[in-house]
Every structure is written in C-alpha cells, then in structure tokens.
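Here's a walk through a two-part story, going from single side-chain pairs out to whole chains and back. Keep the structure open and click along as you read.

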Amino acid sequence: MEKTTAEASSDQNVSVPVSIWEAFRLHLICGLGLAVAFWVAHNIYSIDLISNPDQTLFLIWVIETPIIIGVYSISRWNPKQCSFLKAVGHGLLGIPAGAFLNAFGAIVLGAPIGFLYIKRTISWSLLMSLFTFAPAASVFGSSWNNWQRLFVYAKPAGIVDYMICLPAHGTVIGAWLGAWPMPLDWERPWQEWPISVSYGAIAGYIIGMVASLGFIFMFDRRRPHVKGD
Amino acid sequence: MAGSSNEKRRLIWPFFLILILHCVAILLFTRGFLLTRTELSSFSHCADISQSPCFPSPLEAPSTCSSSSSPRNFSETDRVNRHERGERCWTKPAIDRLVIIVLDALRFDFVAPSIFFDEKKPWMDKLKVLQKLAYDKGSSARIFKALADPPTTSLQRLKGLTTGGLPTFIDVGNSFGAPAIVEDNLIHQLVQNGKRVLMMGDDTWLQLFPDHFEKSYPYPSFNVKDLHTVDDGCIKHLLPSLYREDWDVLIAHFLGVDHAGHIFGVDSSPMVEKLEQYNAILEKVTEVLKNQSGPGDLHENTFLLVMGDHGQTTNGDHGGGTAEEVETSLFAMSMKKSPASVPAALDSSVCKLDLDGNKMCFSFVQQLDFAVTVAALLGVPFPFGSIGRVNPEIYALAAGTWNQQSTTNTNCKDWLNLEEWMQNYAHVLCINSWQVKRYIDVYSASSVIGFSSEDLLHVEEIYAQALNNWSNSVQKSFLSGQETLNDNFASTLSSLEGQINTYSNFLASVAELARSKWTEFDLWMMGAGIGIMLFSLLVHFIAFRRAHMLCQATYPSVRASGISSRVVFAVFMVAMRACSFLSNSYILTEGKVANFLLGTTGILNLRYSIMENKMLTEAVAFLLLISISRFIVEIGLSKQAVSAMLMSTYPLRMLGIDESHFFWVFISEIVPILALVFLAYLLYTTTSGSSCWRVFKIIFTTATVLSYMLIAVHWALESNMLEIPLVLEGIGRNSVPRIIYAIGCGLLVLLAVAQLFKQKGKTSDYKEVLVIKTVTMLSAWSSTIIILLGRQGFLVSLVSIIAGWCIIRLENLEQDTMNGFIGATDILSVTQWSLLAVSLFYLTGHWCAFDGLRYGAAFIGFDEFILVRQAILLAIETFGASHILPILALPFLVSFKHQCCGSNKKRGTLFIKLSQVLLMYGLITAVTTSLTIVCVTIQRRHLMVWGLFAPKFVFDVVGLLLTDVLICLSSIYYFSGIDE
C-alpha cells in the first residue's frame, strides 16, 4: 500500500498540472456533449430512451465518444512518452474491454438475456464503459497502479484523478440504484431494461462530475498548504 | 472445569432467550393477524329437524336423536326418516331442478344496466339477455348485487358459497395439500339427499369435491393465458345436458372472464368478446329452459342462477376486500310466471328509471346466504356450518312455484297469498335460526379459540326473544288454522312481520359477530407482537455486543473492530433487503432481489480481492456461480408466473436442442449421479485428512456414501433407463427412500449419543474437531435433503458447496488486512451466507406461496398419507437447502478462518466467534422477518394481502422460528467441546 501511494505521488509529478478551470471546462464540454446528444436524438432522429433505447444509447455513445476520449486524452498522464494519438488509441481500446466488464456485471446482477435484449445490453455497456473506463484508459493507458489506485482503493490524489474517479463511481452507483425501480408493478415503459438503469447511470455521471468539481475545489484550496509544508 | 462450563452456559443462554422472545412475539402477532377458524366435522341430517322448535307437534317428527358428528354414516337412517315423513326434509322443496352457471370474476357492472353507473364503459350492457329477462313485464327474474367476503380468491369463494361460512386464510382442519372441503357443505347435502349433481368447467370444483359429482367434465384452470379451453368445454356439454334428465343440479363454471381480466384487464377487447360470447350462450340456455317449462315438461320447476364468485378490479386483480372485488352479481330466474310478492320490509331493491321510463331494479344479497337459500329451495338440510340467512327475494322468486296451485284452487286474494308466503318464510327462518344457533353452540364448545362469552350471551338473548315470539304468536296461528286469519288478518300479518324481523335480527347479529371474528384484525395483538419483536432485536444486538466484549476482555489480542467499509456494506445490504419487503413487487421478485444483492457483494469482494491481489479465482468463480444461479431462479420464477409456454421452451429449445434426443436424456440421467460421486469424494477427502474421531468417521463416511449410492439407485429406478422388472421397481420405489431416511435418522441419533459419551481430551486441535463435527452433521442431513429435492438436488448441493467454499475463502480477505491478528467476525461474509441461503430457497424451485410447496416431495417413499410424517418430509424439503444446511454449516465460517493451530486461548476465541456468527446470522434473519411483519401490518388492507403478503409472512415466520431452533440446537451441539 505504501508502495502504491509512493508511486502515485511520483506519478503526480510527471503528470501535466491541470488547473481547476481546465477541469471545469472539461466537465462542461462532456456535459454539453451529453446535452447535444440528447438534443440530436430528440429533434433530428426523433427517438428517445423510452421508445428506442438501443438506438438512443448508441447515438449518445457515438456523439459522446470523440468528446470524452478527446478531452481526456489532452490531459493524459505522461504526455512526453505518450502522444495524443496513442492516448486516443488507449481510450478506444479501453471501451470494448470496459463494455465487456460492465455487461458481465449487469448479467451477474440480473440483466435479462435474450435476442430481444442483446442490442440494448451492448449499447448500454458501451455507454457505461465510455463513462467509466474510457477516461481512465486515455489518461493512464495501461498503468496498473494508477487503475488500482482509482478503482480499487478509490483514493484519488490529484485533479485528474478526481475528474476520472468520481464520475466513474457516480455512473456505477447511479446505474445500481437505477435498477431498483425495475421490478415495481407500475407498468411504465421506462421500467424496461436498460432504460431506468441508463437514466440512473447518466444522472450518477452528472452528479459525479459536479461532485468532482467540488472535491477539486477543496483539493485546490488545500494544495498551497501542502506545498508550504 | 466449572468455570468453563459456566462460560458455555453464558454463551448459550442468549440463543434461548431470543427464541422465546420470537415465539411470544409471533404468537401474539399471528393471533391478531392470521384469523383462524376451526372446521367442524359435524354434518346436518334430515332427522335433526326434530330437535328444532319450529314444528308445532312433536308427534309429526320422529324422535330419533341423531348425533351429527360422523360424516359418513348418513344414508340408512336418513333415507328411512325421509320416507316416514314423506318427501319433506327440512323445508318444503320449492324447486325440482337447479341450473347454476358460475361466471368467474363477474363484476357487478357486467350484469347491471349502465344507468346505475356514472358513465357507460365499453364492458357494460354486454349481457343484454339477463337485463331483458329481469326487466320484462311479468318475468320472474331478478338481478342481485352479491356481496362476497374477502379473501376473494376463487377457491375460498367456492368454499364460502358451498359451506355458507366465512373461510379464513387458514382454516384449521385436517385437509393438507389437497383443498378438499371436509366441512358440511351444500354439495354434500345434495348428494346425501339423493340429488344428482352434474359439474362442468373449472376443475377447482373437483379439487374441492373429489367424489361428490354424479358426472363431471372438468377442464384445467391452471393456465391463465388460455381463455377458451374451459369455456369451450362448458359450452360443449352445457346445452346437450339441458335436454337430459339424469341430473338435478347442474353447475357450469366458466373461467374466460377471469383469465381475460388477469391478462388484458377489464377494459379490453378480449373481455368484451368474452362477455358477448356469454350473452349468446345464456340466450340459448334460457331459450331451452323456457321451451321446456310447460306443465309436465323437463324444466317445469327449474331454477336458473347465473352468478359470479367474486368481482375484479379494472386491472383484473382480485383477492382483497375492495368494493370492486367484493361486488359481484347474481341473476336468478324461475321458470314460473308469477312470483310471490315480497313485503316492503324485506325488499332491498334499488330502482331507477331508464330513458324509456321503464323501471329497473336490483336487489342485494350476501354470498354468505347462498348455500342456505339454495338448500331451502331444494329442500335439503342446511349445511351445518352455514351462518347465512335464507334470502327473501330469491326465496320469493321460486316460492311462487308452489303457491300457484293453492291460489288457483282456493281463489284467494292477494293478501292471503302474501300471508301464506310470509308464514312459510317465517317457518324457514325459524329452521334457519335454529341451525345457526346450533352451529354457534357447537363451535364455541369445540373450538380452541371460540367466541367471547359476552358476544355469545348477546346472541343467546336475541335468540331466546325470537323463540319466545314464535311460540307465542305464530304457533298459535299455525294451530288455529286458516279460519281465524280473515278476522284478525292485520294483526297476524304484523306479528308475522315482527317474527321475521326478530329472526333476521338474530341472523344478522350472528353474521356480524362471525365477520368480526373471522375477517377483522386485532390491532392490539398485532401491535404487541411487533413491539416484542423489535425488543427482541434490541436484545439480539446487545447479546452480539456482549459476545464481542467477552471476546475482547478475555483475549486482548483481538483487535477492536472499527467500522470498516465491509461492515457498512453488510449493514447496507441487509437494510436494502429488509426495506424491499415494503412493496409487493419486491416480495414477488424476492429471489431476484436476493441474487442482485448477492451479486453486489460478489462484486465488492472482487474489488477487495484485487486490492489484496489474491484469491481472484474465487471471487470470479463466485460471480459466475451467481450468474448461473440467477438463471435458475428466473426459470423458477417463470414457473410461478404460470407462463408454461416459456417454461417448457426456455432452457433447451432456445438453443435448438431436441430434448428427447437420446444424448440429452442420457446426460440428464448421468450428470446427477456423477455429482453424487463428487460429493462422496469430497466427503471422503475432508474427513480422511484429520486424525480425530477415527471410528466415527469411518461409520459416517460409509453410511453416507451408502445412502448416496441408494439415491443413485432411486433415480435410476425412477427413470426408464434401465430395464427393471416391475416387482423390483415396486419394492425399490418405496423402500430405497425409506432406507435413506432411516440412515439419516440413525446418524443423527449416533451424533447425539456421541455427544453424551464423548472421549475426553484426546485431541488438542479443536478447530479440526469442529470441522469434523460440522461435516458429520451436514452429511447426516444431506442424503435426506438431496433425495427430497429430487433431481435438481445435485445442482443445488453443488452450487451451495462451491458458493459456500468461495465465501469462506473470501472471508480471509479481511483477516489479512488485520495483519495476521485474529480478525473480528466478518459481517459481510455472514450476510453473504444468509443471502445465499435465501437464493437457495428460490433455487430449489420454491417461492413464498402455498402453491410453491412441492407436495409431491412429501410422498417420496410413502404412498399413504399420515399428517405428521408427510408434514415433516415437506418441511425438510422446503427448508432443507435454505435453512437447515446453511445454519448447520455456519461453523465453517469460523473454523476455516483460523489458519494457525489452536492453542488453549485460541480455542476460547473459536467458540466466542462461533457464537458471534450464530448471533449475527440470527440477527439478519430476525431483522428481515421483523420488516416483513411491519410491512404486513402496514399493508393489511392491501389488495394482495391474502394472495401475497400473508403467505410471505407465514413462510418468513416459520423460517425465523426454524432458524432460531436450529441455532439453539447447533449452539448446544457445537459448543460441547468448550468445557474440556
């Protein structure tokens, strides 16, 4: 444990210092991207999550992927050894891997399986992977220690860490909570898999972004003290 | 030595205290919530009427006093008596034949004209023929609003209709599994009195009355999605039967409306189609009856009843006590034209004028009154347990049929006609009141939980008053005959009216008393139960803290457990599960919810294992196992949802595999047997490793392996794989399971005996002793449970063993974070253990409903039915995999955790830890059960209270008591090493 934190702090030294405003801008871009995706789905293709869950999810994913991978690749961890394109490549590779893990988790927890649901599950897990895995993959590539620090210990140690860790956790927790209304007998169309779960995940993602800004703000205020010591 | 036995006692007594507290709490709550009624085995007989005060001259009736307690010795005396007294039994028969058409879930607004409702809905006015018949001039037909009593499920309602009683959720009687009615009932009386009953339609009738019907055409009611099979079957037999003479009472039960409601809801086109179809059938039926109703014809004296057994909500649900479910309709029609007029005081009708100015009316009837009214009309004895009143309006409809003759002969005036009718009715009510009074007396004398003495006294008073009236006034007029009637006609009529009123008053007060007794909750009792339950939770928690303190005080090396993230997660999981019971939807999908939570803990464990960078395989294996188990649970749930189509196609056909192919048959035969071999091997390896209890181990291993082999033989006999002579098969089918049960019992007795005469102090390794003890205990139970579970047993045992092993292994994750100290008991693993137990309950194909019990399992090894024996087998089958095995296996959680061999000190901690684990497991079960109880209290007026919440409550409560008892027993059994 000591070892990892030591590494983490050493990692911190090489990484590009990201200011709080940059973080704010980055989250704003991601959030706007999400809004644009919904707008496009609603006004141009006139589909929504409830009537066409798989297509809408896929559309959101398509629009959001370049944005998220792009902005996170800019603030990659070691820009000297890793070019922007390489970071983008990492991010793109991370998506299917993350999608697989997300889909596995969903199936363990009870996501329905069947021909009807395969497309939905795939689009949903791609989107989940985009929110959870892609940022980390773009920023850290395949650095196991950083992944472990963020997703296993959940101990972010820097602005970029907060930016990745909190939205990702928010997404997963939101999706988990979003599954709870599904068995209720209200017989609403949004209780179908994976609509409520997707709503939960997106809400969790947004809350995670806001929370991460808050944490970054506090972290930023504390940092001068650390430097002073 | 004394000190340590003292310590043992200190560890054990909290378990017993908790058990007692739970018992008291549940007893109180159940007294208030689950209304029970004792079924009496007394039957009414024709001869009984001589005991009634209603016949003026005792000489007329034979003086034989029949003790009415035996159900079967009816025929001889009854028939003889009837011959002595002419055709008349209790009442003068008013009709000869009766056609009852039951339309399941017939809402009141299906039948009644739409002018009675605020707005005309698409499903209204579809049964035009009934309305036309009821409102035609001079017709003797009427529409009634029939009020059912909850629970409004078909089975309970049919029972209520035929017995004339108020079936409660649990009728204490000697029916088990089969719902056959053992009480006295209308159908029984009909058969006893020589009426031939023809039944067609819903096969529930056949379950209720297995051998009463002269002839029956039952159709399966199981498949809700099938709207037509039952109805088509009914239609096929109904019309031809109407032309036949070989029946006296015809019952046709249509199910289409109920099923259409369940699937499509009331406001749907299939519902409207169904109603239109019924309209056409009813038109044909009434046509046939009318054409044949001339003098001397087949249906000269036939009575037609078209009725619903209960209503339904617009969603098609029923079971609860809301107005929509309780209000159903009854249409009664006599083939004779002139109905007797009913005095205004007895007329309950509500009338409205329609657009054309025609007067339209409907009356009210209680379903409670159905049995006794029909019995009075047909002239058979009233069912013994009936508490209904003969309905004046229905009685008047049919009573016109024998009034007619007398009116034509004597040319009497209307009032005389009326008076004669009233006299008759008063007489019928007299018999009715006497019969109800007799039932109340017998019931309160024989039932454990009878009526309160105040209530009885009150009823007694009213009855005495009514009786007094009768003997004074009416009897006088009876004796003096017709000549005085003209003189004091007004006074006679008013005295008759008064008489009828006093009887009605008495019957109403009895019905009210019975309703309050059998359909109303006792909130004080329920509150007291909940209070004690919550108090027991507090005690439980204190006991847990106390064990923890004990642990710390005696062995300071144990680190104080702070609130780690694992504890938070565990508490959160239990809280989520407990709170989920507040909604009926989560109760319905409890298996899925448990799996969801178990999966979440699995994912958390995976995270911990990545954190520690070890035991990744176990964590992943656990997750895979959960995903497998969730599919099995889902298949089980689909079975529950009666989607039989899905069930049969789901597992294999989806993959395009022909199930009947030899290869798959072979696989399905051979895999369970291989699994058994694996189990036996596992048992052998675990026991052979250690050095203690040498002789014992050999006995146990051989006995268990032997019974596993017998199970394999049993399965082979069941399947048709091997060609075995029939004789051998007959012997093997029953004797093999019996031998297995015997071996299981023998092993348990051996364990108990060994407990008493154990060798002392030979081994120092108590951890090993504990493991051996657990393994022997489990193996003693396993073979019985596996054979009862049937072929799925192997799957369940494999899943539970692998999952249990994963949990035990993963538990060490926390221990290691404690840097080699003996960590505190891991709450998360105990939570997982308990969640796993819940999923196992669903995995074994059960669910919390009484139709989820696998009655077939009770008859493995036995053909005939003995209540206690079969109940024990059924209980082991139901709770074996989910309660008995997990609780008895709890010591594994402790014994595998301690890696280093036990010194004296460690042994002490071992037992304290074990008691902690047991307490924690009990606490988790108690918390969820308490929440179930609270939720049942909140939802007691819910629609699904009898369909869903009450069964869930019963299962949870039985599960909790079983858990407590097992924990107490295992504390005695496993702690016995402590005082050495």
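Let's start inside chain B, with a pair of charged residues: B:Arg107 and B:Asp109 are both buried. They are also partners, since B:Arg107 makes a salt bridge to B:Asp109 with the closest N and O atoms 2.9 Å apart. Keep in mind that you're looking at a predicted model, so every distance here is a computed one.

That pair is one piece of a bigger tally, as the structure holds 19 salt bridges over all chains. Another one sits in helix H33 of chain B, which spans residues 945-974. There, the side chains of B:Lys952 and B:Asp956 meet in a salt bridge, at 3.0 Å from N to O. Why are these two separated by about one helical turn? Because they are four residues apart in that helix. How accessible is each partner, B:Lys952 and B:Asp956? B:Lys952 has 0% relative accessibility, so it counts as buried. B:Asp956 comes in at a relative accessible area of 14%, and it is buried too because the cut-off is under 20%. The story doesn't stop with two residues, either: salt bridges with shared partners tie B:Arg577, B:Glu590, B:Lys952 and B:Asp956 into one network.

Now hop over to chain A for a contrast. A:Asp54 and A:Lys119 form a salt bridge there, with 3.8 Å between the closest N and O atoms. This pair links distant parts of the chain: A:Asp54 belongs to helix H3 (residues 53-74), A:Lys119 to helix H5 (residues 115-140), and the two are 65 residues apart. Are the partners buried or exposed? A:Asp54 is buried, with a relative accessible area of 14%, whereas A:Lys119 counts as exposed at 55% relative accessibility.

While you're in chain A, have a look at what the UniProt record says. Its unreviewed entry places the feature "transmembrane region" at several stretches of chain A, including residues 159-179 and 199-219. What does the model show over these two? Residues 159-179 of chain A are 95% helix and 0% strand, with the end C-alpha atoms 31 Å apart. Residues 199-219 of chain A are 100% helix and 0% strand, and there the end C-alpha atoms lie 29 Å apart.

Back to chain B, this time for the overall picture. Chain B has 33 helices and eleven strands. Of its 980 residues, 57% count as buried. Take the contacts in chain B with a separation of 6 or more: 80% of them come from residues 24 or more positions apart. As for the outside, the accessible surface of chain B is about 39,500 Å², and carbon and sulfur atoms own 62% of that.

Two of those strands are worth zooming in on. Strand S10 (residues 350-353) and strand S11 (residues 359-366) of chain B pair in the antiparallel sense, over four bridges. Which residue of S11(B) is the bridge partner of B:Leu353? That's B:Lys359. The two strands form a hairpin with five residues between them, and in the turn B:Gly357 has a positive phi of about 85°.

Finish at the surface. B:Phe859, B:Phe865, B:Leu867, B:Val868 and B:Ile872 make a nonpolar surface patch of about 450 Å². B:Ile872 lies in helix H30 of chain B, residues 867-888, and it counts as partly exposed because its relative accessibility is 47%.

Note on methods. Residues numbered from 1 in each chain as written. Chains lettered and ligands numbered in written order. Predicted model: local features only at pLDDT ≥ 70, side-chain atom pairs only at ≥ 80, totals over all residues. Heavy atoms only, no water. Patch = residues over 30% accessible without salt bridge, like charges linked within 9 Å, V, L, I, M, F, W, Y side chains within 5 Å. Areas by Shrake-Rupley, 256 points an atom, 1.4 Å probe, with all protein chains shown as cover. Salt bridge = Lys/Arg side-chain N within 4 Å of Asp/Glu carboxyl O. Buried < 20%, exposed > 50% of the residue type's maximum accessible area, 1.4 Å probe, protein only. Pairing = 2+ DSSP bridges. Contact = heavy atoms within 4.5 Å. UniProt positions renumbered as here; feature names shortened; annotations may be inferred.
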